[in-house]
Amino acid sequence: MKLINRIIALTLVMTFNIIAQVKHYEVRELYLIVIGILGLLIINLIVNIVKYKKDFITIGISTISIIGIISIYLFPILGEIYVKNVIAFFYLSLLLIALLPQLFNQEPFTIEISKGGYPESVTKTEQFLNINILIAYLWALIFLMALVLTIIPYSSDKLLNTILSTALPIIPQVTIGIFAAVRLPKYLMGRVKAKPYKFESIEDMFMAMPYGLNKSEAKGVDTLVQFCLMGKEKVEGYFTIKDQICTYTKGKHKNPVTKIISDSKLWLDISNGDISGDEEYLKGNYQVEGDMSILLTFGKLFAPPSSTIKEKKIKKNKREVFEYKKFEPKKIKNIVIFDGGPRNNKFSKTTFMTDNFTKGAIEAGANVEYIKLSKMDIKNCSGCYNCWTKTPGECIYKDDMTELRRKYREADLVVFSSPLYIFNVTGTMKTFMDRLLPIMKPYMLSDKYGNTLHPDRFPELGEQGFLVFSSGGFPEVEHNFDGLKAMYHGWNSHSENAHLMGEFYLTASEIIVQPVYSKRRELISEACQKAGKQVVEDGYISQELMDVPSKLNITKEIFKSQADMFWSTMDGKKAYLSSVPRIK
Ligand SMILES: Cc1cc2nc3c(=O)[nH]c(=O)nc-3n(C[C@H](O)[C@H](O)[C@H](O)COP(=O)(O)O)c2cc1C
């Protein structure tokens, strides 16, 4: 019926236009016909307003025409202009219809037309509204073009002029207009900013999700997520996400990448952002089978591009380019690892890295000795300098350090492995480093950079490399590992024969044992193994491998909320090590 209203209005306007084209301003003398058209337009408009209230298309077309026709008798100057430009006024009414509703907080005129191609759950979202506002503005531009093309004088020949001014305005409408109607909404879905929408049911949400896939977040994602939801709404269905396209299929897939089993109300609340998915998962309120890493990104994949400010990007200083030592291939045969952490390899994230490094190095043919410093008898340096004076190279303490110093100096490659404790190595590691003093002589040397250093007591043993492995609970390297780094860079620049070959800093270390981080763990273990192999086979370690442990696959905001939530579940309740998953 609404459509019939519109067609009647359009037909009346076009009929009047034809008469006006033939009779020109003399049209005003055809009282019966003009008043008849005017009367029908008014009746049609009243019927439309009473029945449909806000059908802006009929209201717009009719109102402008009614004013134009009335002015023929009441305001002759305006009336004459109208009679000469009926089509131009028609496009003016369309321009206003396209432009005004959204400016007055009404739905844009396109929404009604585009609603047809989408489920109701999509058409209710803010994203859908915002897309339609954009499309309405595009239509306003098209109608403006049509208006201009209508009033341009093309030729002195009246007939030719009429044909051109009628035909040309149609071109932008059928070209740009069809593109706007058919291609644009699909393209803009998942790209236009909007606030997340709260769904009332799982069914609504699942139907809408394929349309709401956030295209930029979905780049490179190739997965299949099966949902088995129980409770109020029993739903079995799966989402396939590939090539930035998401499809939803009802039923069970034989081979899902991830399977989520949950109560439907719980999943709806999580998806609507009313409760925390991480917290519910940790409480065991829903289960995830298969690849859990999707949980870290699932929310982002279906959140509309946010209009809120993204995580502040800290201006980073240019990364200092450090030249790590490279030796000739196969020079490194004997490696010794000094582990300064208190935890064993079931819990230590630093040892997790060095264990993997060891695997790679052994595979490449090196001998690797692992020494847990906390199990050794190592006294604190007394500062007596007897190792530099009375008994050169010998410490006053006859503890395990005598043997450890020998092992240190004889290795082709030394690995310093220490957790990050208060922005530096552990006390155990520091004590060990202090007690290495006897391997230097007290005299002063200057290197080519002007650094002052002590000569090597055993230059005949030649050059050796060293590596640093450390893990910190905070998510950043900058201003966190600075102290530890400075110490080992100092060791590098102030040693005659010990050269830094690489550094591995694992950030946000404690959470990597959680199942959702299995992918990150895998990448780290792979990188460390490759580094072990590379340093033995090629004599150096590539920067890309060193960078892997400090790469976070989540934002700091997500890290913070997960960490806080995790610690709150432990606070005053549980012993840490007996409650967290082991790394090995
Ligand atoms: C005494 C202490 C001090 C710590 N200080 C820091 C620190 O300054 N920065 C940091 O990122 N993490 C810090 N942490 C967290 C540890 O670095 C983190 O738990 C790391 O995984 C420990 O290494 P591990 O797993 O090899 O034992 C500290 C932990 C402890 C127990």
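Modeller: A polar contact is a pair of N or O atoms within 3.5 Å, and that cut-off will serve us in this predicted model.

Colleague: Which residue has a polar backbone atom 2.9 Å from an oxygen atom of the ligand?

Modeller: Three such pairs can be considered together, and in one of them a polar side-chain atom of Arg343 lies 2.8 Å from a ligand oxygen atom. In another, the partner of a ligand oxygen atom is a polar backbone atom of Lys349, at 2.8 Å. The backbone atom at 2.9 Å from a ligand oxygen atom belongs to Phe423.

Colleague: How much of the ligand's accessible area does the protein cover?

Modeller: On its own the ligand has 640 Å² of accessible area, and 17 residues surround it, with Ser348, Thr350, Leu420, Ser509 and Glu510 the closest. By class, this shell has 7 nonpolar, 7 polar and 3 charged residues. The share of the ligand's accessible area that the protein covers is 78%.

Colleague: Is Thr351 buried or exposed?

Modeller: Thr351 is found in helix H16, which spans residues 349–363, and, leaving aside neighbours within four places in sequence, Thr351 is in contact with Asp339, Asn345 and Tyr370. Its relative accessible area is 1%, and since buried means under 20%, Thr351 counts as buried.

Colleague: How far apart do the C-alpha centres of domain 1 and domain 2 lie?

Modeller: The protein chain is divided into domain 1 (2–188), domain 2 (202–302) and domain 3 (334–570). Between the two domains you ask about, 7 residues of domain 1 are in contact with 5 residues of domain 2, while the distance between their C-alpha centres is 45 Å.

How values were computed. Residues numbered from 1 in each chain as written. Predicted model: local features only at pLDDT ≥ 70, side-chain atom pairs only at ≥ 80, totals over all residues. Heavy atoms only, no water. Helix = DSSP H or I, 4+ residues; strand = E, 2+ residues; numbered from the N terminus. Buried < 20%, exposed > 50% of the residue type's maximum accessible area, 1.4 Å probe, protein only. Contact = heavy atoms within 4.5 Å. Near = heavy atom within 4 Å. Polar contact = N/O pair within 3.5 Å; in protein donor to acceptor, adjacent residues only side chain to side chain. Areas by Shrake-Rupley, 256 points an atom, 1.4 Å probe, with all protein chains shown as cover. Nonpolar A, V, L, I, M, F, W, Y, C, P; charged D, E, K, R; others polar. Domains from an automatic or database assignment.
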